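Please look through the structure shown here with its sequence beside it, and follow the paragraphs below one region at a time.

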Amino acid sequence: MKKAGILNRGLSGALAELGHGHGVLVCDAGLPIPDGPRVVDLAFRAGVPSFAEVLDGLLAELVVEGATAARETEAANPAVTRLLESRFPGGLTLVPHERLKELSADARLIVRTGEARPYANVLLRCGVFF
């Protein structure tokens, strides 16, 4: 049994299968989930677990070379914008929300949080550790 890091067996296993260039969408409870990508649904109730908790847990285990979020986040959810800018200084790409939803269909993994604030979504692009 693991003693640290991500303990959820579905999420831990899905992360182990990721490779360079794969996409991981971390999303709020309201984002439509496209058919196709593997989904690990962590949502328990509104706000639990939060987008920030899940994102930080993933960033502790993944090599990320880039991130994409919706441009609308800046106006609709400044707290998430600040969070993303602090986690991806100089490496955050903003696109229209509809485009982010289109890109999510190509993600290798979608991790749904219980976040109940709008536009708490980011598409991570996996890097490589060497």
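R99 has a relative accessible area of 39% in this predicted model, and because values between the buried limit of 20% and the exposed limit of 50% count as partly exposed, R99 belongs to that middle class. Its partner is E102, with which R99 forms a salt bridge whose closest N and O atoms are 3.2 Å apart. E102, at 48% relative accessibility, is likewise counted as partly exposed. Both R99 and E102 lie in helix α5, three residues apart, which is about one turn of the helix. An α-helix has 3.6 residues a turn, so residues three or four places apart point the same way.

Helix α5, which covers residues 97-104, holds another pair with this spacing, since E98 and K101 are also three residues apart within it. The side chains of E98 and K101 meet in a salt bridge, with a distance of 3.0 Å from N to O, and K101 is partly exposed at a relative accessible area of 25%.

A further salt bridge joins R117 to E115, where the closest N and O atoms are 2.8 Å apart. Is each partner of this pair buried or exposed, or in between? R117 is partly exposed, with a relative accessible area of 35%, whereas E115 is buried, with a relative accessible area of 6%. In total the structure holds eight salt bridges, and those described here are among them.

Helix α1, made of residues 9-16, shows how the residues of a helix can be divided between its sides. Its buried residues are L11, A14 and L15. They cover an arc of only 100 degrees around the axis, and therefore they sit on the same side of α1. The face turned away from that buried side carries the exposed residues R9 and A16. What do the buried residues of α1 pack against? They pack against β2 (38-41), α2 (51-59) and β5 (109-112), so that a helix and two strands can be looked for around them in the view.

Two places in the backbone deserve a careful look. In the loop between β2 and α2 lies P49, and the peptide bond that joins V48 to P49 is cis, with an omega of about -10 degrees. In the loop between β5 and β6, the latter covering residues 122-126, you will find Y119, which has a positive phi of about 60 degrees although it is not a glycine. Y119 is partly exposed, its relative accessible area being 24%.

Helix α4, residues 78-87, contains T81. T81 is buried, with a relative accessible area of 11%, and when residues up to four places away in sequence are not counted, T81 touches T73 and E74.

The last stop is a region of empty space. Rolling a probe the size of a water molecule over the atoms shows where empty space is left. The largest pocket contains about 170 Å³ of space. Which residues line the largest pocket? The lining is made of L15, A16, L18, G19, H20, E61, L62, V63, C126, G127, V128 and F129, and these residues divide into eight nonpolar, three polar and one charged. Two of the lining residues lead back to helix α1, for L15 is one of its buried residues and A16 is one of the exposed residues on its opposite face.

How values were computed. Residues numbered from 1 in each chain as written. Predicted model: local features only at pLDDT ≥ 70, side-chain atom pairs only at ≥ 80, totals over all residues. Heavy atoms only, no water. 1 Å grid on protein atoms, 1.4 Å probe; cavity = no way out; pocket = protein on both sides within 12 Å on 5 of 7 lines; lining within 4 Å. Points joined across faces, edges and corners; volume = space filled by probe spheres on them. Nonpolar A, V, L, I, M, F, W, Y, C, P; charged D, E, K, R; others polar. Salt bridge = Lys/Arg side-chain N within 4 Å of Asp/Glu carboxyl O. Helix = DSSP H or I, 4+ residues; strand = E, 2+ residues; numbered from the N terminus. Buried < 20%, exposed > 50% of the residue type's maximum accessible area, 1.4 Å probe, protein only. Arc of directions from axis to C-beta. Contact = heavy atoms within 4.5 Å.
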